[in-house]
Amino acid sequence: MNMKSNTVITISRQFGSGGRQISRILAETMGVKRYDQTVVTMAAKSLGAGDRIEDVISRSYEVPKASLGAISTASFDRVPAYRQLYTEQSKIIRAIAAEGKGAVFLGRCADVILAGQPEVYSFFICADDTFRAKRAQTHYGGMSLDQLNEIEKQRKDYYDFYTGKTWGDPQNYDLVINTSRIPLEKAAELILNYVNFCQGE
């Protein structure tokens with residue numbers, strides 16, 4: 001593969017569509033690191049979360065409006081702290097991309113944070129409810145489709161709040177891929193072919 005060494009791919013996805021597995025395939029094929037909630041861990045450490053890192057990660061998709069009853073600048077369970085966490089994640093994502101070593105980012109609004117930067121390509125992975133319901137049984141500990149949708153809504157609200165854009169809007173991405181129609185490996189291959197074509201390879 002002759003892909004440019006500074007290539008960055010961002011993956012946004014419906015919960016249960018296989019986007020996480022696709023991001024893993026991409027990173028392995030490209031020979032680069034994949035970043036997901038590790039970005040949250042890095043940001044929490046940078047902000048001095050100490051022994052509260054796991055709590056910060058578990059609540060990292062909350063938006064400030066959900067915590068308005070406890071306004072303070074002092075700790076991680078307050079509104080300003082969540083703004084700081086998102087800002088710090090954004091700095092880390094930009095810094096990783098700027099290293100020029102290539103990367104794959106899963107979620108964390110990376111498609112918007114890195115928008116307009118050279119050799120950044122963004123993709124949205126979706127699937128129909130039947131596919132997601134089946135995958136919930138095999139990959140998500142028997143969760144129901146309603147449970148998947150509840151988690152997905154939280155992530156959508158997070159994306160919409162911090163980016164000012166609409167999660168899943170095709171205008172935010174290079175391609176939208178429906179994994180109900182093709183195997184995940186083929187979806188990853190399609191993404192790589194798209195990037196190689198754009199880079200003139």
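Is C109 buried or exposed? Keep that in mind as you go through these close-ups, which come from a predicted model.

**View 1. C109, a residue tucked into a loop.** C109 is buried, because its relative accessible area is 3% and anything under 20% gets that label. You'll find C109 in the loop between strand 3 and helix 5. Check out its backbone too: phi of C109 is near 65 degrees, which is a positive value in a residue that isn't glycine.

**View 2. R108, in the loop between strand 3 and helix 5.** Strand 3 covers residues 103-106 and helix 5 covers 110-113, with R108 in the loop between them. R108 has a relative accessibility of 5%, so R108 counts as buried. Its phi is near 60 degrees, again a positive value in a residue other than glycine.

**View 3. Helix 1 packing against helix 8.** Here helix 1 (residues 19-30) meets helix 8 (residues 184-198), with the two axes 9 Å apart and an angle of about 55 degrees between them. That angle makes helix 1 oblique to helix 8. The crossing of helix 1 past helix 8 is right-handed.

**View 4. The residues where helix 1 and helix 8 touch.** On the helix 1 side, look for Q21, I22, I25, L26, T29 and M30. Helix 8 brings L184, E185, A187, A188, I191 and L192 to the contact. How many of the contact residues are nonpolar, polar and charged? The split is 9 nonpolar, 2 polar and 1 charged.

Terms used: Residues numbered from 1 in each chain as written. Predicted model: local features only at pLDDT ≥ 70, side-chain atom pairs only at ≥ 80, totals over all residues. Heavy atoms only, no water. Axes fitted to C-alpha atoms, helices over the stretch in contact; angles between N-to-C directions. Helix = DSSP H or I, 4+ residues; strand = E, 2+ residues; numbered from the N terminus. Parallel < 35°, antiparallel > 145°, perpendicular 65-115°, else oblique. Left-handed = near helix turned anticlockwise from the far one by under 90°. Contact = heavy atoms within 4.5 Å. Nonpolar A, V, L, I, M, F, W, Y, C, P; charged D, E, K, R; others polar. Buried < 20%, exposed > 50% of the residue type's maximum accessible area, 1.4 Å probe, protein only.
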